[in-house]
Amino acid sequence: MREQNSSLLWGTVDFSGIGGYQEKMVSELLENGITVRKIKFSEGCVSGQVSPLDYPTVARTAVKNGVRIRSGKRRGLYFTLRKYKTRVGLYIGFLIFVFVISLWQTRVQDISVTGDVTRNQALQILSECGITEGAPIGNLNMSRAEHRLMLEVEDCAWADVSCEGFRVNVQVQKGVPKPEMESNIPCNIVASRPAKIVRQIVRNGSSVVGNGSGVNTGDMLVTGTMFDREKHILIVHADAEIIGEFTETREFYVPYTEQIKSAEGAKKTFKYLILGDDEYPLFWGKSGAKNSLYTEETRIVTLFGNDTPMKIKTGIYTEYVEKTLTRSPENAVAELQRQRDNYADNFYADYEVVSVEESYFPDEDGVRLVVTYTLQGNIAVPVEIEADLDSEIPPEIPDESSESQPES
């Protein structure tokens, strides 16, 4: 934001002066915090431009330093208001107009939903966060709504909830899926993790593992190097779905007593008028608050339903409050189960959960939960082939259904 003296917003007064100690006068004005624009010394005369609110101080300082001063051209809101100071009805009408406009813009009138989410789902989530048509704009919790959208919209990569005027805008974008390897690039398929092979669907290439066998990370599962009947090498793009079974153990711990910081304290609100690239504070003093969560909202100022170039930015500082959270054993177990479910939803969404084994270990300070998941999922990862023409013929996998025959 470009720094400006707030008094200059009322207008400006041109002045000129002769005689006396002109440089000393200007220096004293600057030392006292008076903003003087367009200062010019020429042929024993000093001229400049100040706010109408500062002009009395300029006049007194000029007399003090023996400078004879006179005012020149006057412009700005200050002089416009003085011109119509006797028209009380005009001011009353203006205040009523501002009041009606302000009241109209204090509540949500419309909700716009765009992006990769259905309107019904977005409105349901917003409603649970207290954002509905008719809700007070000053009480909207935009951050909470964004977090809920990120959690509840499948594959959500980015969410934004903002307020412009009396309209709430919701935008959601899902992540771009990772591009698959081109089918014309020769590749093998290897294991992404240690697992036991449960089943496999090989569309192209030759499998080198059998169902029931164990593999480690990086082991070959399907080769793209094959041989035809005449022993000629064929290098293809292996394509398969290899389902492996594996286990993972996770631990969760919840204490009975915990010190937490929650943004539930006093709120400090600071408003700015935005016009173009400039921001004008609509408050006195400095903004900010220590140990607080900062959120920001911006809305367009509308006039008779039409957008204006002006915006109102609201910065909200919500004080963090330290709280002692005390849980009963039952509440601790419920919190552990919530953490367990959230972890499974976030990290095991692409796997089939075959079984879950849980063990609770309470102690004096809290409860520890150890969960062993048995999972099944696709462990196939394509890896580009580094061609080797001296490769041997891959071994054939024996048919598991066939019985071994005794030697004759």
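Here is a friendly exchange about a predicted model of a protein chain.

Trainee: How many helices and strands does the protein chain have?
Mentor: Happy to start there, and keep in mind that the model is predicted. The chain has 408 residues, of which 32% count as buried. Its secondary structure comes to 7 helices and 22 strands.

Trainee: What share of the contacts in the protein chain with a separation of 6 or more comes from residues 24 or more positions apart?
Mentor: Good thing to ask of a chain with 22 strands and 7 helices. Among contacts with a separation of 6 or more, the part made by residues 24 or more positions apart is 66%.

Trainee: Is H1 parallel, antiparallel, perpendicular or oblique to H2?
Mentor: Start with the geometry: helix H1 (residues 22–31) and helix H2 (residues 55–64) have axes 9 Å apart and pack at about 140°. Roughly antiparallel needs an angle over 145, and roughly perpendicular covers 65 to 115. The angle of about 140° fits neither range, so H1 is to H2 oblique.

Trainee: How do the residues of the contact of H1 with H2 divide into nonpolar, polar and charged?
Mentor: H1 passes H2 in a right-handed crossing. On the H1 side the contact uses Met25, Glu28 and Leu29, while H2 brings Thr57, Val58, Thr61, Ala62 and Lys64. Sorted by type, these residues are 4 nonpolar, 2 polar and 2 charged.

Trainee: Which residues of H5 and H6 make the contact, and how do they divide by type?
Mentor: Helix H5 (residues 119–128) packs on helix H6 (residues 142–152) at about 135°, with the axes 9 Å apart. That angle makes H5 oblique to H6, and the crossing is right-handed. H5 contributes Gln121, Ile125, Leu126 and Glu128, and H6 contributes Arg144, Ala145, Arg148, Leu149 and Glu152. By type, the residues of this contact are 4 nonpolar, 1 polar and 4 charged.

Trainee: Why does Thr223 count as buried?
Mentor: Thr223 sits in strand S12 (residues 220–223). A polar atom of the Thr223 side chain lies 3.1 Å from the backbone nitrogen of Thr225. Buried means under 20% relative accessible area. Thr223 meets that cut-off because its relative accessibility is 8%.

Trainee: Is Met220 buried, exposed or partly exposed?
Mentor: Met220 also lies in strand S12. Leaving out residues up to four places away in sequence, Met220 touches Asn188, Ile189, Val190, Val208 and Val209. Its relative accessibility is 34%; since buried means under 20% and exposed over 50%, the class in between applies. Met220 is therefore partly exposed.

Trainee: What separates the C-alpha atoms of Met220 and Ala380?
Mentor: Along the chain, these two are 160 residues apart. In space, the C-alpha atoms are separated by 9.5 Å.

Trainee: Which backbone oxygen does the side chain of Thr308 reach?
Mentor: Thr308 has its place in strand S19 (residues 306–326) and is buried at a relative accessible area of 18%. Apart from neighbours within four places in sequence, Thr308 is in contact with Ile300, Val301, Thr302 and Leu303. The side chain reaches, at 2.5 Å, the backbone oxygen of Val301.

Trainee: How far apart in space are Gly366 and Thr257, C-alpha to C-alpha?
Mentor: Gly366 is in strand S21 (residues 366–378) and is buried, with a relative accessible area of 0%. Beyond residues up to four places away in sequence, Gly366 touches Tyr253, Val254, Pro255, Tyr256 and Phe361. Gly366 and Thr257 are 109 residues apart in sequence, and their C-alpha distance is 7.8 Å.

Trainee: What is the phi of Lys38 near?
Mentor: Lys38 belongs to strand S2 (residues 37–42). With a relative accessible area of 64%, Lys38 is exposed. Its phi is positive in a residue other than glycine, with a value near 50°.

Trainee: Where does Asp155 lie?
Mentor: Asp155 is not a glycine, yet has a positive phi of about 60°. At 54% relative accessibility, Asp155 counts as exposed. Its place is the loop between H6 and strand S6 (156–164).

Note on methods:
Residues numbered from 1 in each chain as written. Predicted model: local features only at pLDDT ≥ 70, side-chain atom pairs only at ≥ 80, totals over all residues. Heavy atoms only, no water. Helix = DSSP H or I, 4+ residues; strand = E, 2+ residues; numbered from the N terminus. Buried < 20%, exposed > 50% of the residue type's maximum accessible area, 1.4 Å probe, protein only. Polar contact = N/O pair within 3.5 Å; in protein donor to acceptor, adjacent residues only side chain to side chain. Contact = heavy atoms within 4.5 Å. Axes fitted to C-alpha atoms, helices over the stretch in contact; angles between N-to-C directions. Parallel < 35°, antiparallel > 145°, perpendicular 65-115°, else oblique. Left-handed = near helix turned anticlockwise from the far one by under 90°. Nonpolar A, V, L, I, M, F, W, Y, C, P; charged D, E, K, R; others polar.
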